[in-house]
Amino acid sequence: MKRPAILFGLTFLLSSAAVAQPGFDQLALTPPMGWNSWNTFRLKIDEKLVRETADLFVSKGLKAAGYEYVVIDDGWQIDRDLNGTIIANPEKFPSGIKALADYIHAQGLKFGIYSDAGTMTCGKFPGSLGHEYQDARTYASWGVDYLKYDWCYTGNQSAPDSYALMKAALVKAGRPIVFSICEWGLSKPWEWAPRVGNLWRTTFDIRPCWECGQKVIVNGEQVENHLGFTKILDRQVGLESYAGPGHWNDPDMLEVGNGEMTHDENVAHFSLWCILAAPLMLGNDIRTMSDDVLAIVTNRELIAVNQDPLGRQGRKVRDDGDFEVWSRELHDGTRAVLLFNRSEKPAEIRFTWSEVGLPLNLKFQVRDLWAKQDQGTFAGSYAASVQPHGVVVVKVF
Ligand code: GAL
């Protein structure tokens, strides 16, 4: 009489083991940091570029600052073989993807790759539809640590179902792989993606500019694409509570050092992504980056804010038109506060303790995280002069 119960118990144990593969719950406990080829190189990628980038991660101190994932975006694939196995373009990657992953691992870094939930990627290379389990096994056998999974050519597929299918395939393949969901925020992924992936894009693609944007038609609706970083920022308001350790809103990869962004705009973009607990995926050419850009993206005090273990996304606590105050709670109860000046002139911006959730009657110390200087102890409020299109970021403790 007891046998069926034991059998039932065993079946239950085996099936739940398939869901809870070891290591998956330890992924991306803080926002992933790394580099992705897309923002600068588009489809023109090859193994030489990726190897050089990995070398420079080490020699330029990016690895020491916390950057870890080297990710190739669209354009690495070419076709499937007769068994349906995905093939890398042999002209771009003559040594194969496994050799590239091995090279990156030998530098103490991690390796990421890109595919798409539909029939084709956005660059019209083979997508993973119908090959999810096969592709996941291939990635695991190559030593892939991170998968960005796009949403082109998906017809009337359901986004939650398509991403859950690939997640199940990754789990089944058994290698813990960070799962980066890229369906551009269309189906409110923040509502379902925290259970499926480690990060999810909240908007269409970023562009290296302050405020640009371009109207396009998607599913018969007019939407804005090619967004400057301030437009992306505005679309993050209200999504704060969906983020936390292991699951992050992704306002898209960094454009620091790209296009015509000024020094102050680069500083503002990087700082805001740190306050947002956004993944810090560099999108510039690491081989030619200026010392100024390197100094921005390796500011340890800002990175510590981004990587704070509490994992609470910061929020806008005041909006006076051109002048904004953003605040992020840190694990020890202190606050990172960002003053943002969108205007064309320098401006003094003040915030009070109560606006950032601290008691008004106490004195707090303030440290400026870009000046890297303690400013002293203040009662009730703090004010700073902020450059046009610039930020001041302070820690209040
Ligand atoms: C877009 C995606 C970009 C990039 C590109 C590749 O859909 O948002 O980040 O991956 O596809 O074709």
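**The ligand and the residues around it**

Let me begin with the ligand: 13 residues surround it, each with a heavy atom within 4 Å, and among these Asp 73, Asp 74, Lys 148, Asp 150 and Asp 205 come nearest. This is a predicted model, in which local features need pLDDT (the predictor's confidence in each residue, from 0 to 100) of at least 70 and side-chain atom pairs count only at 80 or more, while totals for chains, interfaces and linings use all residues. Residues are numbered from 1 along each chain as its sequence is written, and side-chain values use heavy atoms, leaving out hydrogens and water.

Turning to polar contacts, meaning pairs of N or O atoms within 3.5 Å, a polar side-chain atom of Asp 205 lies 2.5 Å from a ligand oxygen, and for Arg 201 a side-chain N or O atom is 3.1 Å from an oxygen atom of the ligand. The protein covers 95% of the 310 Å² of accessible area (Shrake-Rupley method, 1.4 Å probe) that the ligand has on its own.

As for confidence, the protein averages a pLDDT of 95, and 95% of the residues score at least 70.

Methods: Polar contact = N/O pair within 3.5 Å; in protein donor to acceptor, adjacent residues only side chain to side chain.
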